[in-house]
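Thanks for asking me to take a look at this one. Here are my notes, in the order I would go through them with the viewer open.

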Amino acid sequence: MAKNAPKPDTILKKYWNGTERFEDIFNAVLYDGDTVIHPQELAPDDTESSTVLEYPNFTESLDASRDKIKIHKKPDSGVGYELLGLEFQEYISYVMPLRIMGYDYSVYHRLYKGNAEKYSEKEHRGENNLTRDEWLSRMKKTDLYL
């Protein structure tokens, strides 16, 4: 590679930046080319997937960043949303499924921590509008939907 040549990851991230290409690849792979995902249903998300895991005896940080991710808001599906991500590899990585699970965990953990803190603050202020299940999990069922 030439000294000032662009990195392949940079080229691919730029190429997949638009919602139309992103939507096309997922419709082709997941839905046999049928148009199920529409560009207006896609929203960019932070590619940063780092998080801190806190255990009673130690704390561990996980540093990770996805190549490209978008949130697909699924109208009238009952699911709410799904995360669609692309990872660019020059070489085969046999641990890629583990990396993807780590990315997914980090995103959900970040959402959960934000909700848990929000509901804990309300509890301390006496704003108890949570059901027992919501209070125990520090998450409302509706929090699963963006």
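The points below go from the nonpolar cores to a charged pair and then to a strand residue.

1. A word on the source before anything else: this is a predicted model, so please read each point with that in mind.

2. I would begin with the largest nonpolar core. It has 8 residues, namely W16, F22, F26, I37, L42, L84, L86 and F88. Two elements each supply two or more of these residues: helix α2 (19-30) and strand β5 (80-86). As general background, nonpolar side chains tend to be buried together in soluble globular proteins.

3. L84 is a good residue to centre the view on. Leaving aside residues up to four places away in sequence, L84 touches F22, F26, I37 and L42, and these four are also listed in the largest core. Its other contacts are L30, K68, I69, K70 and H72.

4. Do not miss the other core, which lies apart from the largest one. This other core has 5 residues, including I69, I71, Y81 and L83.

5. Next, a charged residue: is D67 buried or exposed? D67 sits in the loop between β3 and β4 (68-74), and it counts as buried because its relative accessibility is 9%, under the 20% cut-off.

6. What surrounds D67? Not counting residues up to four places away in sequence, D67 touches D9, K13, T47, L86, E87 and F88. With F88 there is a polar contact: a polar atom of the D67 side chain lies 2.6 Å from the backbone nitrogen of F88. F88 also belongs to the largest nonpolar core.

7. How many salt bridges does the structure hold? The total is 1, and it joins the side chains of D67 and K13, at 3.8 Å from N to O. Because D67 is in the loop between β3 and β4 while K13 is in helix α1 (residues 8-15), the pair ties together parts 54 residues apart in sequence. K13 has a relative accessible area of 31% and is therefore partly exposed, whereas D67 is buried at 9%. In general, side chains of opposite charge can pair when their charged atoms come close.

8. Last, have a look at L62, in strand β3 (residues 59-62). L62 counts as partly exposed because its relative accessibility is 30%, which falls between the 20% and 50% limits. Its C-alpha atom is separated by 6.2 Å from that of V52, and the two residues are 10 apart along the chain.

Key:
Residues are numbered from 1 along each chain as its sequence is written. This is a predicted model: local features need pLDDT of at least 70, side-chain atom pairs count only at pLDDT 80 or more; totals for chains, interfaces and linings use all residues. Side-chain values use heavy atoms; hydrogens and water are left out. A nonpolar core is a set of buried Ala, Val, Leu, Ile, Met, Phe, Trp, Tyr and Cys residues joined through side-chain atoms within 4.5 Å. Buried means under 20% relative accessible area, exposed over 50%, partly exposed in between (1.4 Å probe, protein chains only). Helices (H or I, at least four residues) and strands (E, at least two) are DSSP runs, numbered from the N terminus. Contact means heavy atoms within 4.5 Å. A polar contact is a pair of N or O atoms within 3.5 Å; within protein, one must be able to donate a hydrogen and the other to accept it, and residues adjacent in sequence count only if both atoms are side-chain atoms. A salt bridge is a side-chain nitrogen of Lys or Arg within 4 Å of a carboxyl oxygen of Asp or Glu.
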